Structure formats: structure tokens, C-alpha cells
Amino acid sequence: MAEYSEYKDSGIPWIGKIPSHWDVKPIRSFLSQSKELNEDENATLLTLSQYKGVNIRNGNEDSAISAPESLVGYNVVHKGQFVMNIMLAWNGSYGVSDYEGVISPAYAIFNFKNDVCKAYYHYLWRTKAYQDAFKTRSKGIVDSRLRLYPQYFLPFYTSIPPKDEQEAIVAYLDKVTADIDKAIAAKERIIASLEERRKIIITHAVTRGINPNAPLKGSGIDWHGDIPAHWEVIRIKYLLNEKKVRSKTGAEEPLSMSQRKGLIPTKMMGVIPNLAASYVDAKLVSKGDLVFNKLKAHLGVFNVSEYEGLVSPDYAVYNTTGKADLKFLEYVFKTPNCINEFKKLITGVGSGLSRLYTNDLYSIYCAIPPIDEQLSIRNHIVNQTKAISEAIDQCQSIIDLLRERKNIIINETVTGKVKVI
């Protein structure tokens with residue numbers, strides 16, 4: 001695509017050069033904060049994410065964030081307003097709303113004051129350059145969530161093309177990104193189908209075994225059903241020991257939990273979370289330990305670690321009593337019925353604060369075979385799901401490339417690197 005004929009220095013280092021006829025102004029010149037509070041208990045509850053922007057909350061969806069008891073006092077959101085999660089603005093959790101509804105009082109809502117193309121700024125401010133710039137003005141201690149308060153957001157300078165050009169850029173991006181999104185959605189459907197096949201294989205293997213001729217008996221466990229007659233029914237308390245060893249120096253490798261990749265070194269995360277100022281007193285993890293993110297255990301966010309290092313004190317770390325192979329237990333815990341048991345037992349006092357505590361985990365009964373059979377089942381699962389896992393990884397790699405291409409196109413277009421009219 002063609003470039004503009006002439007560029008100028010914007011005067012803002014992180015914006016750089018812009019087309020010579022574009023303007024640069026502070027965001028407050030056309031955006032003002034709205035403080036309308038809700039009084040309707042039947043209002044539509046909205047959510048906001050880094051990837052989906054503003055959306056209607058599905059009350060049945062799996063979420064670490066529980067629905068509030070009352071919507072009174074929540075922020076009112078109108079279609080076309082700019083919505084920002086103050087605590088997560090540093091990772092792009094903001095955008096223009098396509099919906100009418102309400103959202104958490106911890107969020108900030110803004111009105112566009114002038115006649116601008118709102119969708120242009122939805123695209124522009126979600127680019128990495130703006131996210132990084134917003135992060136520099138976010139406030140908070142290093143080991144806590146940073147917050148971008150309105151008084152620090154509104155003074156930011158932003159590039160402003162003529163309105164007709166804003167609209168042309170949006171029309172172009174809507175078409176191009178829609179085609180990319182369709183390709184991504186197609187791959188995501190394939191992944192969902194493959195994951196369902198993998199889940200069926202794993203669930204059958206860890207609940208019925210791999211010998212189709214084994215005689216069965218009732219497990220006596222509501223969520224389990226019949227099991228091979230020689231399997232044992234036992235409380236998890238007798239299968240796991242919680243480890244509470246803490247780092248004295250904080251010098252070990254920091255580890256983070258990825259829902260896709262399991263427990264991995266933090267440096268390998270696609271989006272690096274806020275790093276702690278010190279890892280002294282963090283929990284130590286050995287290779288082969290079973291590690292739970294207690295806040296998200298009911299979403300299946302736990303894994304046997306392939307690494308040594310340290311994790312947040314809010315995680316739970318377990319090793320085996322010798323009766324169970326921890327990878328076998330991980331497979332058991334991730335079956336849909338066991339996840340439902342976790343959901344019944346989580347406790348907390350508010351949104352995103354519900355945890356699966358160790359004593360509650362220990363209270364669950366499960367069925368397990370002798371240790372040698374656990375290892376055989378584990379190997380069977382690996383062999384039976386290997387091709388499926390490889391196909392999922394291939395699809396995910398294509399999705400990653402498509403998303404990267406989408407981001408490049410958006411960035412080059414909204415910042416004036418290329419010309420669409």
C-alpha cells in the first residue's frame with residue numbers, strides 16, 4: 001500500500017512521525033469522564049476484556065468473576081462510550097462499547113465530546129504503542145496491579161486525522177480484520193472439536209480404565225459413576241501433601257500459570273504479568289509438583305510442573321503421598337465432573353476472590369487404580385492424544401500468525417504508516 005506524500009514529527013517521542021496534515025491533541029480535548037450510576041436491578045451486565053472489548057456478560061459462562069448480588073451503583077454504559085478497566089488498562093482492557101448496560105464501579109467511562117469517528121480511536125488506542133504509553137502513567141506498587149486513573153489518561157496526546165480519513169481507515173480495517181477474524185474463528189472451531197475429542201479419551205481412561213473387559217462396581221461417588229471393581233475409592237487428603245516451602249532469597253526462576261501451556265517460566269509468557277519487586281517468601285516448586293492457581297482451580301488452571309522455580313504465595317503446591325501419580329491426578333481433576341465438584345467447593349467474598357482451599361480439595365473422594373495401572377493409563381493417554389495435541393498446536397500457531405498479521409495491519413493503518421484513501 002502507498003504511503004502519504006509528506007510526514008512531520010508529532011512532537012511526541014512514542015508517536016513519532018505522522019502525516020503532515022494530521023493533528024496532535026490531548027485526549028481530554030475530545031473525551032470527558034462520565035459518572036452516571038445505575039439504579040436498575042434489571043440492567044444488562046457488561047464485561048470488558050483485552051481480546052473481546054466490551055461485551056454482554058453471559059451469566060452461564062465459566063468465569064473467575066462471580067455475578068454481583070446487586071447492580072445498583074454500577075457505572076452506566078451507553079453505546080458509543082469509551083470504557084476502561086483502570087486496573088488492567090496496561091494490557092489493553094478498554095474499548096468503545098457497542099452495548100447499553102452497566103459495568104463495575106471500578107471501571108472508568110468516557111464520553112466523546114466532539115464529532116469524531118469513535119471506532120478509529122478504538123483501533124488506535126489498542127495498538128501496542130499506546131498500551132505501552134498508558135502503562136508508563138499507570139500508578140501502583142510493582143507487585144500489585146497498576147492503575148491508569150482518568151486524571152493520568154486524559155492528558156495523553158493522540159494523533160488526529162481528518163474525520164473523513166478516520167472513517168475511511170475504519171471502513172478498511174473493519175473489512176480486512178473481519179476476514180482475518182473469520183479465519184481465526186474457523187481454526188478455533190477446529191481446536192474446540194479436537195479438544196472435545198481429547199477430553200473424551202482422557203475422561204474415559206481415568207474413570208473406567210483401559211481394559212474394556214474389567215468388571216465394574218459402583219463407586220459410591222455422586223460425580224463419578226461405575227468404576228473397575230479393583231479400583232480404590234479414597235479421599236484426596238490421602239493422595240496429596242501440600243508443600244509450603246518458601247524461597248529465602250527469591251533468586252529462583254519465577255513461574256507463571258498459562259491456561260494453554262501449563263506452568264512455565266514467566267519469561268515465556270506471551271503477555272508478561274506485572275513482576276514482583278521481590279520473590280522472597282514465594283513458594284518453591286520442584287519438577288513434578290502439582291501446582292494450583294487457587295483462584296482459578298475451578299477453571300482447570302492447575303498443572304504438574306516441568307520446571308523448578310517459584311510461584312505466588314497464593315498458589316498451592318502439592319506432591320504425592322506415594323499412592324497416586326500426579327499426572328494421572330491432573331487428568332482426573334480436569335474431567336468435567338471433577339471440575340464441577342471444584343465449583344461447588346470454592347469459597348470467597350466477592351468478584352474474582354473465590355478460592356479452592358486445600359481442606360476443601362482434600363474433602364473430595366475420587367477413584368484410583370493401583371499405581372502401576374495409573375502409569376499405564378497415563379502412557380495410554382499420551383499415545384492416544386499425541387496426534388490430536390499436535391493438530392491443536394498447528395491450528396494455534398496459525399491463529400497466532402493471523403493475530404500478529406491483524407495487529408500489524410491495524411498499527412500501520414491507524415498510525416499513518418500506510419494510506420488507505
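Visitor: What is the bridge partner of Glu-242 in E23?

Guide: A nice place to start! This is a predicted model, and in it Glu-242 has Tyr-318 of E23 as its bridge partner. Tyr-318 also stands opposite Leu-290.

Visitor: What makes strand E16 and strand E23 a pair?

Guide: Two strands pair if there are at least two bridges between them. E16 (residues 240-243) is joined to E23 (residues 315-320) by four bridges, so the two count as paired. They run antiparallel.

Visitor: How do you know that E20 pairs with E23, and that E20 pairs with E21?

Guide: Apply the cut-off of at least two bridges again. Between strand E20 (residues 290-293) and E23 there are four bridges, and between E20 and E21 there are three, so each of these counts is enough for pairing. Both pairs are antiparallel. In the pair of E20 and E21, Val-291 stands opposite Asn-303.

Visitor: Why are E16 and E21 said to stand at the edges?

Guide: The open sheet has four strands, in the order E16-E23-E20-E21. E16 and E21 (302-304) are edge strands because each has a single partner strand, leaving one side of each without a neighbour in the sheet. Neighbouring strands here are turned by 25° against each other on average, direction ignored.

Visitor: Which strands does H5 lie across, and at what angle does it run to E21?

Guide: H5 lies across E16, E20, E21 and E23, and its angle to E21 is about 155°. On a scale from 0 to 180 degrees between N-to-C directions, that value is on the far side of a right angle, so the directions of H5 and E21 are closer to antiparallel than to parallel.

Visitor: How do H5 and H8 cross, and what is the hand of the crossing?

Guide: Two packed helices are described by the angle between their axes and the distance between the axes. For H5 (residues 326-333) and H8 (residues 371-414), the axes come within 9 Å and cross at roughly 65°. The crossing is left-handed.

Visitor: Which residues meet there, and how do they divide into nonpolar, polar and charged?

Guide: From H5 come Lys-327, Phe-328 and Tyr-331, and they meet Gln-374, Ile-377, Arg-378, Ile-381 and Val-382 in H8. By class there are five nonpolar, one polar and two charged residues. Lys and Arg count as charged, so Lys-327 and Arg-378 are the charged ones.

Visitor: What makes E4 and E9 the edge strands of their sheet?

Guide: This is another open sheet of four strands, with the order E4-E11-E8-E9 and antiparallel pairing. E4 (31-34) and E9 (94-96) each pair on one side only. E4 is joined to E11 (residues 107-112) by four bridges, and Ser-34 stands opposite Ile-109 in E11.

Visitor: Which helix lies across E4, E8, E9 and E11?

Guide: Helix H1 (residues 118-125) does, running at about 160° to E9. H1 also meets helix H4 (residues 163-208): their axes come within 8 Å and cross at roughly 65°, in a left-handed crossing. Among the residues in this contact are Tyr-120 and Tyr-123 of H1 and Leu-173 and Asp-174 of H4. The contact has seven nonpolar, two polar and one charged residues.

Visitor: Why is Cys-117 called buried?

Guide: Buried means under 20% relative accessible area. Cys-117 has 12%, so it counts as buried. Cys-395, at 8%, is buried for the same reason.

Visitor: How many disulfides does a search of the whole structure find?

Guide: Zero. A disulfide needs a pair of cysteine sulfur atoms within 2.5 Å, so the search found no such pair.

Visitor: Buried or exposed: what is Met-1?

Guide: Exposed means over 50%, and Met-1 has 59% relative accessibility, so Met-1 counts as exposed. Met-1 is found in the segment before strand E1 (7-9). Leaving aside neighbours within four places in sequence, Met-1 is in contact with Tyr-172, Val-418, Lys-419 and Val-420. Met-1 and Thr-413 are 412 residues apart in sequence, yet 9.8 Å apart in space, C-alpha to C-alpha.

Visitor: What share of the 421 residues is buried?

Guide: Buried residues make up 44% of them. The protein's secondary structure comes to eight helices and 24 strands.

Technical notes. Residues numbered from 1 in each chain as written. Predicted model: local features only at pLDDT ≥ 70, side-chain atom pairs only at ≥ 80, totals over all residues. Heavy atoms only, no water. Left-handed = near helix turned anticlockwise from the far one by under 90°. Contact = heavy atoms within 4.5 Å. Buried < 20%, exposed > 50% of the residue type's maximum accessible area, 1.4 Å probe, protein only.
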